[in-house]
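Biologist: Could you take me through one part of this model up close, and then show me how it fits with what lies around it? I'm new to this, so plain words please.

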Amino acid sequence: LYYVTIARLDPLQLVLAGTILEATVFIFEIPTGVLADVKSRRLSIIIGYALMGVGFIVEGTLPFFGTIALAQVLWGLGYTFTSGATEAWIADELGEDRAGEVYLRGAQAARAGALVAIPISVVLGSRSLQLPIVLGGAAMILMATFLLWAMTEEGFTPNPSGERTAWGHMITTVQDARQLVRRQPVLIVLLATGLFYGLYSEGFDRLWTLHLLEDLRGPWQDGPDPVVWFGLIRAVMLLISLAATEVARRRVDTGRGISLARGLMLNAALIILCLAGFALTESFWAAVGLYWLIGALRNIAAPLHTAWLNRSIDEPQVRATIFSVSGQADAIGQ
């Protein structure tokens, strides 16, 4: 909403902003993933949150395409430090058997946190759309500061000092990851899945707001400000996502690859149908209903994909790198 109404980005600029973000992710996913495997998952995550926070502050402070593009670079770089490192840290600290359920629980916690933030953002956004973005960035920097002294790392063993050079270890880690992918054909399938998720998601993520604002007759034309309606739409989507993720947690056995595969296949088929309906319907409320379903399905897909990928990695020392390769496949698709 900020991009469309304050920064006045047109559809091409909206997609270009996403392209810059994903190009940044593509370039830095592997180096930051290797860093997490070689040095520290904890350090990588802390750096990532700090960079994302700075990116959001730049984006919310200066509503111009050039500064927004710069913010996407900062945000994308920060994201790559957390991508892979977070999932690997969880698996290291809790063990592979517990990680799958924790990924689903984590997705629920993220939705619950966003649900709490929505009314606050609506109130702040009604005064200034820039304010919640800037404060969100500041909150990420505070998160990085909190993790600096509160986050532990007991399940990870870094490379012993002096065993080989840092660059040499990084090259070895990438080679080990490549060999693992060759030995485990299912990893190729999972990386291809990430590619196709990226292919569909970028257009939807960047243009769904503009589609509801300009192509369909929304209720804000005769009622409250759009920021209120979009807050309500997001809140309902998150509630549906929480319920759907709980159903998936109970029905899908995250300890069995075949159960994860079937869950993801059904999920992908439903997303395809909902996306087609969202694009073609001329009814605003039908489009909103389909948006809710797409959001819920995507929130289920991410932790299931992560759990399946995690179970296919039998070499912990390259775990973050493999997760980063998956993120890179998604970035290529986007």
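Modeller: Let's start at Ala 276, which sits in helix α11. This is a predicted model, by the way, so everything here is computed from it. Is Ala 276 tucked away or out in the open? Neither, quite: Ala 276 is partly exposed, because its relative accessibility is 39%, and the partly exposed range runs between 20% and 50%. Ala 276 also has Leu 290 for company, with 9.4 Å from C-alpha to C-alpha and their places 14 residues apart in sequence.

Stay with α11 for a moment, since α11 (257–280) is one of the elements that give two or more residues to the largest nonpolar core. That core holds 55 residues, and Phe 278 is among those with the most contacts inside it, along with Tyr 103, Phe 204, Trp 208, Leu 212 and Tyr 291. Other contributors of two or more residues include α1 (2–5), α5 (85–94), α6 (96–127), α9 (185–215) and α10 (226–251). The biggest share belongs to α12, with 14 residues.

Now zoom in on Phe 204. Leaving out neighbours within four places in sequence, Phe 204 is in contact with Leu 275, Phe 278, Tyr 291, Ile 294 and Arg 298. Two of those names come back when you look at rings: Phe 204, Trp 208, Phe 230, Phe 278 and Tyr 291 make up one aromatic cluster.

There is another core too, lying apart from the one above, with 7 residues that include Ala 36, Ile 46, Leu 147 and Met 151.

Back to Tyr 103, one of the core residues with the most contacts. Tyr 103 is among the buried residues of α6, and so are Ala 99, Gly 100, Leu 104, Ala 107, Gln 108 and Arg 111, plus Ile 118, Val 122 and Gly 125 further on. The helix α6 itself has 32 residues and spans 46 Å between its first and last C-alpha, close to the 46 Å expected at 1.5 Å a residue. Don't picture a perfectly straight rod, though: α6 bends by about 30° at Ala 117, with a proline, Pro 119, following within four residues.

Next, the rings. The whole structure has 11 aromatic pairs. In one of them, Phe 146 and Trp 149 meet edge-to-face, at 5.4 Å centre to centre and with 80° between the planes. Both belong to helix α7 and are 3 residues apart, about one turn of the helix. Phe 146 is partly exposed at 41% relative accessible area, whereas Trp 149 counts as exposed, because its relative accessibility is 68% and exposed means over 50%. Compare Tyr 197 and Tyr 200, a tilted pair with 5.8 Å between centres and 55° between planes. They are about one helical turn apart, because they lie 3 residues from each other in helix α9. Both Tyr 197 and Tyr 200 are buried.

One last stop in α7 (residues 130–150), where you'll find Val 134. Val 134 is partly exposed, with a relative accessible area of 24%. Beyond residues up to four places away in sequence, Val 134 touches Ile 57, Gly 60 and Thr 61. Val 54 is 80 residues away from Val 134 along the chain, yet their C-alpha atoms are separated by 8.9 Å.

Methods:
Residues are numbered from 1 along each chain as its sequence is written. This is a predicted model: local features need pLDDT of at least 70, side-chain atom pairs count only at pLDDT 80 or more; totals for chains, interfaces and linings use all residues. Side-chain values use heavy atoms; hydrogens and water are left out. A nonpolar core is a set of buried Ala, Val, Leu, Ile, Met, Phe, Trp, Tyr and Cys residues joined through side-chain atoms within 4.5 Å. Buried means under 20% relative accessible area, exposed over 50%, partly exposed in between (1.4 Å probe, protein chains only). Contact means heavy atoms within 4.5 Å. The expected span of a helix is 1.5 Å times one less than its number of residues. The bend at a residue is the angle between axes fitted to the seven residues ending there and the seven starting there. Rings of Phe, Tyr and Trp (its six-membered ring) pair if their centres lie within 6.5 Å; planes under 30 degrees apart count as stacked, over 60 as edge-to-face and the rest as tilted.
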